[in-house]
Amino acid sequence: MTRYASAVHATPVGDVLLTVADDRLLSLRVLHGDQHAAREDLVRILGAVPEDDPFAGAEAAGQLDEYFDGTRRNFDLPLDWSLTRGFSRAALQAVCEIPYGETAAYGEVAVMAGRPRAARAVGTACATSPFSIVVPVHRVVRSDGSPGQYGGHPEVKQYLLRKEQESGA
């Protein structure tokens with residue numbers, strides 16, 4: 001039986017809720033308000049209640065700290081992709097190929113994922129990604145180069161893009 005556990009970790013963009021399934025990162029959500037709503041959403045999706053464990057996602061928390069300190073450019077975490085399906089998974093895996101400090105348009109990611117006409121589906125995959133930051137959907141931008149949304153918080157996307165560009169990609 002899968003063991004689900006969650007912990008909250010502070011970052012410069014706000015607290016994040018880290019959820020693991022056994023030893024793999026299942027979800028990383030930037031909390032923009034009440035963490036209880038995010039936890040309830042996970043319970044609904046999982047059909048199980050993750051236990052509160054301050055050490056859950058410790059590896060992810062450490063890598064996040066390194067990322068925000070500027071000493072990490074790529075995440076090396078075991079991910080549990082079970083919350084993604086079909087083309088969404090392919091699109092998010094393609095997003096992982098966008099280099100640190102660079103961006104790609106939704107249409108470019110669609111090509112990378114093998115469906116050149118699926119730019120809108122890439123947008124949906126990015127908007128519903130269970131892996132904020134560690135799967136760098138913040139690097140996916142509109143075709144005109146403008147950043148676009150980021151879970152309704154474009155200021156977080158702009159912060160992450162600026163941080164990567166300033167740290168000398």
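The following exchange takes questions about a predicted model and its two domains.

The model is predicted, so local features need pLDDT of at least 70 and side-chain atom pairs count only at pLDDT 80 or more, while totals for chains, interfaces and linings use all residues. Residues are numbered from 1 along each chain as its sequence is written, and side-chain values use heavy atoms, with hydrogens and water left out.

User: What makes the division into domains, and where do the domains lie?
Analyst: The bounds come from an automatic or database domain assignment. Domain 1 covers 4-69 and domain 2 covers 86-167. Their C-alpha centres are 21 Å apart.

User: How do you know that domain 1 and domain 2 are in contact?
Analyst: Contact means heavy atoms within 4.5 Å. By that rule, eleven residues of domain 1 touch 13 residues of domain 2.

User: What area do domain 1 and domain 2 bury between them?
Analyst: Buried area is the accessible area (1.4 Å probe) that two parts lose on being put together, summed over both. For this pair the value is about 1,100 Å², with 71% of it on carbon and sulfur atoms. On the domain 1 side, L28, H32 and Y67 lose the most area to domain 2, together 47% of what that side buries.

User: How many salt bridges and polar contacts are found between domain 1 and domain 2?
Analyst: A salt bridge needs a side-chain nitrogen of Lys or Arg within 4 Å of a carboxyl oxygen of Asp or Glu, and zero are found across this interface. A polar contact is a pair of N or O atoms within 3.5 Å; within protein, one must be able to donate a hydrogen and the other to accept it, and residues adjacent in sequence count only if both atoms are side-chain atoms. Five residue pairs, both residues at pLDDT 80 or more, are in polar contact between the domains.

User: Why is the pair of E51 and R3 called a salt bridge?
Analyst: The closest N and O atoms of E51 and R3 are 3.1 Å apart, and the cut-off is 4 Å, so the pair qualifies. The structure holds seven salt bridges.

User: What does the pair of E51 and R3 tie together?
Analyst: E51 lies in strand β4 (residues 51-52) and R3 in the segment before β1 (4-9), so the pair ties together parts that are 48 residues apart in sequence. Strands (E, at least two residues) are DSSP runs, numbered from the N terminus, as are helices (H or I, at least four).
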